[in-house]
Amino acid sequence: MVDKKDSLLKEQTTIVSYYSYPGLNYSTKLKVIDPDSIAISSRVTTDDIARTVSTVFTINTKEMFGKSRLHDTVCARRAFIAIVSEFFNLTLSAIGKLTNRNHATILHSNRQHQNWIGTYSEYTVLYEQAREMCININLYENEEIDESNL
């Protein structure tokens, strides 16, 4: 009989072994966001999410994972952490490795996100836009454009 704790530890170890910071190519099992809606594509990686969030918040990806404490950079980083926490089955430490942060910083960021999402409308709008774009990444990648209708 397999111990549940051991199997979870093995799964998390496997997830962490896929970690690669330079390209952020970190693909793992995805959570089902809403069973009644379209689930995000299994091809979505944290690199895709980082590019999407940095585009919406108009900063570059390098700044988002740097040490800057500028307001726009911190908001983008907070949104990235919230989206990755929602979409992927990752530990706080694994998300911390992606962002060059401590697990406690990730926990604090998630709590701050919950506070900001209901308080600051500008942040809420940008976050929701980034989240929707991340859900729709690669959704239409394999569909061919029918040029006869153009």
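User: Happy to look at this one with you! Of the 150 residues of the protein, what percentage count as buried?

Analyst: Glad to help, and do keep in mind that this is a predicted model. A residue counts as buried when its relative accessible area is under 20%. Across the 150 residues of the protein, the share that meets this cut-off is 37%.

User: Thanks! Which elements make up the protein, and in what order do they run from the N terminus?

Analyst: The protein has zero strands and seven helices. Read from the N terminus, the order is therefore α-α-α-α-α-α-α.

User: How much area does the protein expose, and what percentage of it do carbon and sulfur atoms supply?

Analyst: The exposed area of the protein comes to about 9,500 Å². The part of that area supplied by carbon and sulfur atoms is 53%.

User: Let's go to helix H2. Why is H2 described as largely enclosed by the rest of the structure?

Analyst: Helix H2 covers residues 46-56, which is eleven residues. Those that are buried include Asp47, Asp48, Ile49 and Val53. H2 is largely enclosed by the rest of the structure because the buried residues number nine of the eleven.

User: Which helices do the buried residues of H2 pack against?

Analyst: Among the buried residues of H2 are Thr46, Ala50, Thr52, Ser54 and Val56. Just beyond the helix, H2 is followed by Thr58, with a positive phi near 50°. The packing partners of the buried H2 residues are H3 (61-64), H4, H5 (92-99) and H7 (121-135).

User: Nice. Is Ile81 buried or exposed?

Analyst: Ile81 is a residue of helix H4, which spans residues 71-87. Its relative accessibility is 1%, and the cut-off for buried is under 20%. Ile81 therefore counts as buried.

User: Which residues is Ile81 in contact with, leaving aside its neighbours within four places in sequence?

Analyst: One partner, Ser109, is 28 residues away along the chain, yet its C-alpha atom is separated from that of Ile81 by 7.3 Å. With the sequence neighbours within four places left aside, the contacts of Ile81 are Ile95, Thr99, Ile106, Ser109 and Asn110.

User: How are H5 and H6 oriented: roughly parallel or roughly perpendicular?

Analyst: The axes of H5 and H6 cross at roughly 95° and come within 8 Å. That angle makes the orientation of H5 to H6 roughly perpendicular.

User: And how many nonpolar, polar and charged residues does the contact of H5 with H6 have?

Analyst: H5 contributes Leu92, Ser93, Ile95, Gly96 and Thr99, while H6 contributes His103, Ile106, Leu107 and Asn110. Sorted by class, the contact has four nonpolar, five polar and no charged residues.

User: What about H6 and H7: at what angle do they pack, and how far apart are their axes?

Analyst: Helix H6 comprises residues 103-119. In the contact, His113, Trp116, Ile117, Gly118 and Thr119 of H6 meet Ser121, Tyr123, Thr124 and Tyr127 of H7. By class, this contact of H6 with H7 holds four nonpolar, five polar and no charged residues. The packing angle is about 110°, and the axes are 6 Å apart.

User: One last stop: which residues does His113 touch, not counting residues up to four places away in sequence?

Analyst: His113 belongs to helix H6 and is buried, its relative accessible area being 5%. In sequence, His113 and Ala82 are 31 residues apart, while their C-alpha atoms are 7.0 Å apart in space. Not counting residues up to four places away, His113 touches Arg78, Ala82, Tyr123 and Tyr127.

Note on methods: Residues are numbered from 1 along each chain as its sequence is written. This is a predicted model: local features need pLDDT of at least 70, side-chain atom pairs count only at pLDDT 80 or more; totals for chains, interfaces and linings use all residues. Side-chain values use heavy atoms; hydrogens and water are left out. Helices (H or I, at least four residues) and strands (E, at least two) are DSSP runs, numbered from the N terminus. Buried means under 20% relative accessible area, exposed over 50%, partly exposed in between (1.4 Å probe, protein chains only). Contact means heavy atoms within 4.5 Å. Axes are lines fitted to C-alpha atoms, for helices over the stretch in contact, and angles run from 0 to 180 degrees between N-to-C directions. Ala, Val, Leu, Ile, Met, Phe, Trp, Tyr, Cys and Pro count as nonpolar, Asp, Glu, Lys and Arg as charged, and the others, Gly among them, as polar. Accessible areas come from the Shrake-Rupley method with a 1.4 Å probe; for residues, only the protein chains shown count as cover. Angles under 35 degrees count as roughly parallel, over 145 as roughly antiparallel, 65 to 115 as roughly perpendicular and the rest as oblique.
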